[in-house]
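Subject: A structure for you to look at

Hi,

Here's the structure I said I'd pass on. Have it open while you read, and the notes below will walk you through what turned up.

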Amino acid sequence: MAGFTHGRRAGAWLSASPRVQRLAAVQVAVLLGVALTAVVVHQRPASGGEPLALAAATGPASAPVVVAADRPPAHAARPTRSPVAAKRRAKRAPAPPQGWDFWSTRIRGCESHGRPDAPGDYGAQNPHSTASGAYQITDATWGGRYDVDHASDATPDQQDAVAADLYRRHGTADWAASAPCWRTGPSRH
């Protein structure tokens with residue numbers, strides 16, 4: 001018990017010291033600043049995330065999927081505070097194209113013809129699997145949407161709507177096998 005009392009006295013002496021109090025306050029301020037910065041950075045949207053407007057639908061055939069036009073992020077609308085910051089922003093390279101409007105045409109071309117600049121073939125059929133249509137959607141993924149068994153039997157608008165819905169839910173993951181094609185520049189054929 002004597003050791004505890006001695007330790008308590010030492011703690012009281014340390015906490016009464018203005019130097020120790022300042023040091024503790026600085027450490028707490030630094031830790032809070034780091035934690036706040038981590039929270040702010042962690043809440044910033046991912047660079048690959050595009051704003052999408054979702055259709056309120058009860059089923060796949062009830063309404064087409066609506067994909068909103070790409071908008072600049074909210075933080076880009078802030079006014080520039082200094083000419084130096086404006087010059088830094090002006091020197092940045094333009095952002096790479098994003099969004100379903102950009103990727104859909106490239107994915108269609110790659111899945112239908114193996115080139116990102118090729119027109120989509122909505123009647124295409126993979127000879128080695130059940131994948132069909134312009135986006136090569138398998139029958140299992142298609143799931144009988146629009147009362148047809150194969151994507152290639154659906155209209156181009158229906159195939160586009162289903163592909164947009166898949167993109168909204170999974171991004172480009174459903175077309176990962178053809179990514180080397182649609183992520184490259186235009187074909188040089």
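**Starting at the end of helix 4**

Let's begin with H113, which sits in helix 4. Keep in mind that this is a predicted model. H113 is partly exposed: its relative accessible area is 42%, and that falls between the cut-offs of 20% for buried and 50% for exposed. If you click on its side chain, you'll find that it reaches the backbone oxygen of P119 at 3.2 Å. Setting aside residues up to four places away in sequence, H113 touches R108, A118, P119 and D121. There's also a distance you can check yourself: from C-alpha to C-alpha, H113 and A124 are 9.0 Å apart, with their positions eleven residues apart in sequence.

Now move to S112, also a helix 4 residue. Is S112 buried or exposed? It's buried, because its relative accessible area is 16% and the cut-off for buried is under 20%. The S112 side chain reaches the backbone nitrogen of D121, at 2.9 Å. Beyond its neighbours within four places in sequence, S112 is in contact with P119, G120, D121, G133 and A134. So P119 and D121 turn up in the contacts of H113 and also in those of S112, given that contact means heavy atoms within 4.5 Å.

**The rest of helix 4**

How far should the 14 residues of helix 4 span? At 1.5 Å a residue the answer is 20 Å, and the end C-alpha atoms are 19 Å apart, so the two agree. Besides S112, the buried residues of helix 4 include W100, W103, S104, R106 and I107, along with R108, G109 and C110. Part of what covers them is helix 6 and helix 7 (179-182). Right after the helix comes G114, with a positive phi near 80°.

**Helix 6**

Helix 6 covers residues 156-170, which makes 15 residues. From its first C-alpha to its last it reaches 21 Å, close to the 21 Å expected at 1.5 Å a residue. Which residues of helix 6 are buried? They are Q159, A161, V162, A163, A164, D165, L166 and Y167. These buried residues pack against helix 4 (100-113) and helix 5 (139-142). Try showing helix 4 and helix 6 together, since helix 6 is part of the cover for the buried residues of helix 4. Just after helix 6, G171 takes a positive phi of about 70°.

**A patch on the surface**

For something on the outside, colour V26, V30 and V34. Together they make a nonpolar surface patch of about 270 Å². V34 belongs to helix 2, which runs over residues 18-43. It is exposed, because its relative accessible area is 54% and anything over 50% counts as exposed.

**The whole protein**

Zooming out, the protein has seven helices and zero strands, so reading along the sequence you get α-α-α-α-α-α-α, with helices numbered from the N terminus. Of its 189 residues, 24% are buried. Take the contacts between residues at least 6 apart in sequence: 48% of them join residues at least 24 apart. The protein exposes about 13,200 Å², and carbon and sulfur atoms supply 60% of that.

Have a play with it and tell me what you think!

Cheers

How values were computed:
Residues numbered from 1 in each chain as written. Heavy atoms only, no water. Helix = DSSP H or I, 4+ residues; strand = E, 2+ residues; numbered from the N terminus. Expected span 1.5 Å × (residues − 1). Buried < 20%, exposed > 50% of the residue type's maximum accessible area, 1.4 Å probe, protein only. Patch = residues over 30% accessible without salt bridge, like charges linked within 9 Å, V, L, I, M, F, W, Y side chains within 5 Å. Areas by Shrake-Rupley, 256 points an atom, 1.4 Å probe, with all protein chains shown as cover. Salt bridge = Lys/Arg side-chain N within 4 Å of Asp/Glu carboxyl O. Polar contact = N/O pair within 3.5 Å; in protein donor to acceptor, adjacent residues only side chain to side chain.
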